Amino acid sequence: VVNSGSTLFTYENADGAFNTEGYTSWSARLNKIKSSIMINIGSSYKRSPMYVGEQYVMLSELCPSVKIYPTINPTKWLRIHISSASKIVHSTNNLKERIVFAFNQNLNTCLELKGPKVTFANLSYTWDGYRFFKGTGRNMDIHNLNAVIGCRLLKNQMTISLSGHDLLNRGSIYSMTAGNNYISQTWTPSYGRYFMLNISYNLKN
């Protein structure tokens with residue numbers, strides 16, 4: 001027994017449910033600039049049956065995407081990792097109503113620095129952006145910047161580092177769910193800017 005107007009989600013193996021994903025990948029080494037790159041182009045499609053009250057509704061979602069992963073090694077002491085993912089989210093129901101038409105861009109960048117002797121430093125930045133073209137949704141921009149500096153001792157068995165998290169104080173966790181006739185957006189704030197002293201020891205036989 002449920003309240004009138006409730007939305008009931010069926011099991012993943014219910015009649016009419018369907019989920020598939022496919023992509024093609026290309027990679028190459030760029031020796032002149034000591035780099036490599038990989039590109040994935042693909043799409044996912046899923047179909048989910050739902051009940052709203054006594055009405056049976058089928059939700060369909062199509063998500064084409066392009067992902068790019070370049071790695072750059074300009075010197076022995078510097079390595080740059082970049083990942084870029086662009087995705088379009090398009091959801092409709094069997095009533096021919098467009099629920100969501102949005103664009104999602106994710107960018108991750110990591111700089112690895114090898115200092116003199118046993119020192120090291122890492123700097124990573126993440127940006128996640130949503131833009132809604134159709135449907136009721138709020139545009140989002142989420143930024144996160146982290147940094148680590150440290151050293152390795154005792155023949156690399158011990159590592160001591162100081163890390164700073166969410167240095168821009170703008171980090172959060174975001175999720176979006178499309179229903180048969182609605183969009184649900186959820187924001188979970190992070191702890192905010194904080195620092196940690198990390199000590200680890202690798203036990204070897």
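**Exercise 1. Determine whether S65 is buried or exposed, and place S65 in the fold.**

Step 1. The relative accessible area of S65 is 18%. The classes are buried under 20% relative accessible area, exposed over 50%, and partly exposed in between, with a 1.4 Å probe and protein chains only. S65 is therefore buried.

Step 2. S65 belongs to strand β4, residues 55-75. Strands (E, at least two residues) and helices (H or I, at least four) are DSSP runs, numbered from the N terminus.

Step 3. Contact means heavy atoms within 4.5 Å. With neighbours within four places in sequence left aside, S65 is in contact with N40, I41, G42, S86 and K87.

Basis of the values: this is a predicted model, in which local features need pLDDT of at least 70 and side-chain atom pairs count only at pLDDT 80 or more, while totals for chains, interfaces and linings use all residues. Residues are numbered from 1 along each chain as its sequence is written, and side-chain values use heavy atoms, with hydrogens and water left out.

**Exercise 2. Find which residues S83 touches, and give the burial class of S83.**

Step 1. S83 sits in strand β5, residues 78-93.

Step 2. The relative accessibility of S83 is 18%, so S83 counts as buried.

Step 3. Not counting residues up to four places away in sequence, S83 touches I68, Y69, N106, L107 and N108.

**Exercise 3. Trace the strand pairing from β2 to β6, with the number of bridges for each pair.**

Step 1. Two strands pair if DSSP finds at least two bridges between them.

Step 2. Strand β2 (residues 18-30) and strand β3 (residues 35-52) run antiparallel and are joined by 13 bridges. One of the positions is T20, whose bridge partner in β3 is Y45. The two strands form a hairpin with four residues between them, and K34 in the turn has a positive phi of about 50°.

Step 3. β3 and β4 are antiparallel and pair over 18 bridges. M50 has V57 as its bridge partner in β4.

Step 4. β4 pairs with β5 over eleven bridges, again in the antiparallel sense. I72 stands opposite I80 in β5. This hairpin has two residues between its strands.

Step 5. β5 and strand β6 (residues 98-114) pair over 15 bridges in the antiparallel sense. I82 has T109 as its bridge partner in β6. Four residues lie between the strands of this hairpin, and K96 in the turn has a positive phi of about 65°.

**Exercise 4. State where D166 and N169 lie, and compare their accessibility classes.**

Step 1. D166 is in the loop between β9 (158-165) and β10 (172-178). N169 is also placed in the loop between β9 and β10.

Step 2. Most residues other than glycine have a negative phi. D166, not a glycine, has a positive phi of about 50°. For N169, also not a glycine, the phi is positive at about 55°.

Step 3. D166 counts as buried at 5% relative accessibility, whereas N169 counts as partly exposed at 43%.

**Exercise 5. Give the C-alpha separation of K155 and E61, and the setting of K155.**

Step 1. K155 lies in the loop between β8 (140-153) and β9. With a relative accessible area of 79%, K155 is exposed.

Step 2. K155 and E61 are 94 residues apart along the chain, and their C-alpha atoms are separated by 52 Å.

**Exercise 6. Describe the overall form of the protein from its elements, extent and surface.**

Step 1. The protein has twelve strands and zero helices. The radius of gyration is 23 Å, well over the 17 Å that the globule rule gives for 205 residues, so the protein is more spread out than a compact globule. The radius is taken over C-alpha atoms, and the rule is 2.2 Å times the number of residues to the power 0.38.

Step 2. The C-alpha trace spans about 70 × 40 × 40 Å along its principal axes.

Step 3. Of the 205 residues, 25% count as buried. The accessible surface comes to about 14,000 Å², and carbon and sulfur atoms hold 56% of this surface. Accessible areas come from the Shrake-Rupley method with a 1.4 Å probe.

Step 4. Among contacts with a separation of 6 or more, residues 24 or more positions apart account for 51%.
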